[in-house]
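I opened this notebook to record how the protein chains meet the DNA strands. The entries follow the order in which I looked things up.

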Number of protein chains: 2
Amino acid sequence: MVSQKIPNLSVDCVIFGYNGKELKVLLIEQKKISEQLKTQYALPGDLVEIDEDLDEAANRVLFELTNIKDIYLEQFQAFGNPVRVKEQKDSDWLRSIREFPEERVITVAYYSLVNIEDVAPKGSAFADHTEWINVKKVPPLAFDHDQILNHALQRFRSELVTKNIGFELLPPKFTLSQLQQLHELVLDKKLDKRNFRKSIKKIDHLEPLDEKQTGVDHKPAQLYRFNPKKED
Amino acid sequence: MVSQKIPNLSVDCVIFGYNGKELKVLLIEQKKISEQLKTQYALPGDLVEIDEDLDEAANRVLFELTNIKDIYLEQFQAFGNPVRVKEQKDSDWLRSIREFPEERVITVAYYSLVNIEDVAPKGSAFADHTEWINVKKVPPLAFDHDQILNHALQRFRSELVTKNIGFELLPPKFTLSQLQQLHELVLDKKLDKRNFRKSIKKIDHLEPLDEKQTGVDHKPAQLYRFNPKKED
DNA sequence: AAGGTAAGTGTATTTTGTACACTTAACCAA
DNA sequence: TTGGTTAAGTGTACAAAATACACTTACCTT
């Protein structure tokens, strides 16, 4: 049995992933049958259930889509432009994914950082409609999702430096060069290797493992992990 | 005629003011008739109207309460704990101010900075129920408003330093010492006068006037204003 | 064994933040 | 008018943080 949903309150999730080269965002895709064969995308999201906390709802959306839990997830802004749904009322393809009411929907937006390898869209119910897209090549999205994505990116950039959350996008074991490349990509600037290492070695819970990179044609790098449980 | 409201979506405003000595917050007060004569307070807020943007709704709440417009207003968090209203369902005094439904209400919280002198609560419809309260002496509030107030304070503190928004709490003409005292109060630490001036003189649009303080028994201070339109 | 590749490391310089004390201008009272 | 009181206004020396910069090392490949 399906829980009852609040008809005009949704959460939307901007899910970021990193494949070693590009910063990507997980979008829901659907072919527009009616007009052309043009593909349109939207952020994953859903109406909030009647007895559900907002954070719970966002985690549910994430889990339903990716089958993973305990993900870095942060609320960053509520959007309530009254025309945000009506504008696209005629595009009813999204109704198949979310049960949209006629009236305006307020959405509370979250951004999320996942290890892209953990996400197996093929296993999820939305498999056919899910796609990782390079954030630099995202086409115009449904509703006001372009605006939401932009806000998410801005917030992520500023929190990347203040909170050092980059490793959330990497596999559990990673090298410092991987982390640096990620920072360079997100902040869109080249960083000095020695200075970068100085700065990130200040952060807690980042510990070197007794293990090195394998299968590379050069000096193998030290592997690190982020271990929040580490006592001091 | 009253506009139609969305039954489970509200905005709440944490309105900060500064009287030269204390940081205050504007609260709605009502005597509990039923139990004792104990006074209880809540943040000003209201349900969002059906065709209203969230920012508009927050501005409306502010205007209805204070009769002023064009105020510094910033959304900082949505709160959606499903028990946030039910917990206090038995206290029906607040129903007289806001039309609360039985079910859970999501609230989008804003904080606002006003020149306390501009606010004449006596002129507003809520005059009898409105009070400026020292943030250090706020009693337990209705619903989850304590939590919301705490979040607002944290956000304000961090944005005070990153965005230099302190003057929003001061009269249009102010001295640098007034600004410094405000910073010291909000950040809860003593600041060095010369270093403070060095740092704030970096910020744009802060310009000295051809005018000095009057009516003080010491050397009168230079008056400044914040002028965002100033070309450079 | 030699060449290719990215890993790993320290120091000097610049910029920013912090600590600190005396002179000035107005008011007031004698 | 003069001397006392009050807060305004101002610069420099030191410490800390951020930045710029180049060579050696370890593993893989041929």
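Entry 1. Before counting, I fixed the cut-off: a residue is near a molecule or strand if one of its heavy atoms lies within 4 Å of it. I also noted that this is a predicted model.

Entry 2. I began with DNA strand C. Of its atoms within 4 Å of the protein, 37% belong to sugar or phosphate, and the rest belong to bases. I then asked which residues come nearest to DNA strand C. Among the 22 residues around the strand, I found these to be A:S177, A:K193, A:K198, A:H218 and A:Q222.

Entry 3. I sorted the surface near DNA strand C by class and obtained 13 charged, 5 polar and 4 nonpolar residues. I looked up which elements supply this surface: α4 of chain A and α4 of chain B each give at least two residues. The largest share, 4 residues, comes from α4(A).

Entry 4. I next looked up polar contacts of chain B with DNA strand C. An N or O atom in the side chain of B:K198 is 2.9 Å from a base oxygen of the strand. For B:K202, an N or O side-chain atom is 3.4 Å from a phosphate oxygen. B:K219 uses its backbone: a polar backbone atom there is 3.4 Å from a base nitrogen of DNA strand C.

Entry 5. I turned to DNA strand D, which 21 residues surround. The closest are A:V216, B:S177, B:K193, B:K198 and B:Q222. Sugar and phosphate make up 39% of the atoms of DNA strand D that come within 4 Å of the protein.

Entry 6. Which atoms of DNA strand D do the side chains of B:S177, B:R197 and B:K198 approach? A polar side-chain atom of B:S177 lies 2.8 Å from a phosphate oxygen, and one of B:R197 lies 3.2 Å from a phosphate oxygen. For B:K198, I found a polar side-chain atom 2.8 Å from a base oxygen. The elements giving two or more residues to the surface near DNA strand D are α4 (193-200) of chain A and α4 (193-200) of chain B. I recorded α4(B) as the source of the largest share, 4 residues. By class, this surface has 12 charged, 5 polar and 4 nonpolar residues.

Entry 7. Finally, I compared the two protein chains. A turn of 179° with a shift of 0.0 Å along the axis lays chain B on chain A with an RMSD of 0.1 Å. The two copies are thus related as by a two-fold rotation axis. I also noted that 100% of the interface residues of chain B are interface residues in chain A too, so the copies meet through the same surface.

Definitions and conventions:
Residues numbered from 1 in each chain as written. Chains lettered and ligands numbered in written order. Predicted model: local features only at pLDDT ≥ 70, side-chain atom pairs only at ≥ 80, totals over all residues. Heavy atoms only, no water. Polar contact = N/O pair within 3.5 Å; in protein donor to acceptor, adjacent residues only side chain to side chain. Nonpolar A, V, L, I, M, F, W, Y, C, P; charged D, E, K, R; others polar. Least-squares fit on C-alpha atoms with pLDDT ≥ 70 in both. Contact = heavy atoms within 4.5 Å.
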